[in-house]
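Me: I would like a close look at one part of this model. Keep it brisk, and take me through the charged pairs and their surroundings.

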Amino acid sequence: MPLDILLTIVATTVIQSIFGVGVLLFGTPMLLLLGYQFINALEILLPISIAINLLQLVKHHHFIDINFVKNVLKYSIPFVVVFLFIVTSVRINIGALIGVFLIFVALKDAVGAVNKIIEKLVGYERTYLISMGIVHGLTNLGGSLLTAMVHSKQYEKNQTRSTVAVCYGMFAVFQVLTLFFVKHQYLISYADNVSLLQIAVVVFLLTEEMLYKNIDNEKYARIFAAFLGVSGAVLIWKSL
């Protein structure tokens, strides 16, 4: 099992265990920077992302905002599928643009003018969700836009994470189904994939018990805003 992949999985699993996204959002650019192909990155990261999201929903599924999830399924998922097919032959880099947007959203609670702009932007939910689906299909970075949207809704921490987790999980499931029809050479063995999945589960359980349970709602909101800002900075840096 390649050490660089293992370290990437451990680091991004901790992030996703807290926020509901991270394995795809950070794992994809990290593996690309390490020289792996986009499709191979998906092959490695998607099963782990799905597993973590399922574990997050076991105890907190009743916190899910069902109406929002239905809208994601209706307006985002079809575009995830279509544009993932496209990206198997064409690479498009819009990470810097998304990064600037995330930093902007992270300032929502600190700057009144930003908060008003975000409220107006989120009001066009259908257009936003379609754009999110396109971005995720093309770049695997739709989780950034998903967290920005959910952050704007002022949920408490369990509703934030569970709603993000179920939507992020849907992204991954439909990506796996799409890749099933795309022929490509697998990078790592089935045994290594299973081992990485087992490691990710252990990391999730430790993070859940030692970190997530000890964060109250107010602190979680602040940390989540910081997470958006850091995500934006990383995406901008990666795009340079």
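With which residue does arginine 161 form a salt bridge, and how far apart are the closest N and O atoms?

Reply: This is a predicted model, so every value here is computed from predicted coordinates. Arginine 161 pairs with glutamate 208 in a salt bridge, and the closest N and O atoms are 2.8 Å apart. The pair ties together distant parts of the chain. Arginine 161 belongs to helix H10 and glutamate 208 to helix H11, 47 residues apart.

Start with burial. Both partners are buried. Arginine 161 has a relative accessible area of 2%, so it falls under the 20% limit for buried residues. Helix H10, where arginine 161 sits, spans residues 157–179.

Next, the surroundings. A polar atom of the arginine 161 side chain lies 2.6 Å from the backbone oxygen of serine 17. Leaving out residues up to four places away in sequence, arginine 161 touches Ser17, Ile18, Phe19 and Gly20. Its other contacts of this kind are Gln56, His60, Phe204, Glu208, Tyr212 and Tyr220.

Now the other salt bridges. The search of the whole structure finds four. One of them joins glutamate 209 to lysine 213, with the closest N and O atoms 2.9 Å apart. Glutamate 209 counts as partly exposed because its relative accessibility is 48%, between the limits of 20% and 50%. Lysine 213 is also partly exposed, at 43%. Arginine 222 forms a salt bridge with glutamate 218, and there the closest N and O atoms are 3.3 Å apart. Both of these residues lie in helix H12 (residues 217–239), four residues apart, about one turn of the helix. Glutamate 218 is exposed, at 59% relative accessibility.

Helix H11 also has a nonpolar side to report. Leucine 206 is in this helix, which covers residues 190–210. Leucine 206 is partly exposed, at 48%. With Val202, Met210 and Leu211, Leu206 makes a nonpolar surface patch of about 390 Å².

Last, the interior. In soluble globular proteins, nonpolar side chains tend to be buried together. Here the largest nonpolar core holds 64 residues, and Phe68 and Leu146 touch the most other members. Helix H3 (residues 38–60) gives the most to this core, with eleven residues. Setting aside neighbours within four places in sequence, phenylalanine 68 contacts Leu146 and several others, including Leu129, Met149, Val150, Tyr155 and Cys167. Polar or charged residues appear among its contacts too, including Glu125, Lys153 and Thr163.

How values were computed:
Residues are numbered from 1 along each chain as its sequence is written. This is a predicted model: local features need pLDDT of at least 70, side-chain atom pairs count only at pLDDT 80 or more; totals for chains, interfaces and linings use all residues. Side-chain values use heavy atoms; hydrogens and water are left out. A nonpolar core is a set of buried Ala, Val, Leu, Ile, Met, Phe, Trp, Tyr and Cys residues joined through side-chain atoms within 4.5 Å. Buried means under 20% relative accessible area, exposed over 50%, partly exposed in between (1.4 Å probe, protein chains only). Helices (H or I, at least four residues) and strands (E, at least two) are DSSP runs, numbered from the N terminus. Contact means heavy atoms within 4.5 Å. Patches are made of residues with over 30% relative accessible area and no salt bridge: like charges are joined within 9 Å, nonpolar side chains (Val, Leu, Ile, Met, Phe, Trp, Tyr) within 5 Å. Accessible areas come from the Shrake-Rupley method with a 1.4 Å probe; for residues, only the protein chains shown count as cover. A salt bridge is a side-chain nitrogen of Lys or Arg within 4 Å of a carboxyl oxygen of Asp or Glu. A polar contact is a pair of N or O atoms within 3.5 Å; within protein, one must be able to donate a hydrogen and the other to accept it, and residues adjacent in sequence count only if both atoms are side-chain atoms.
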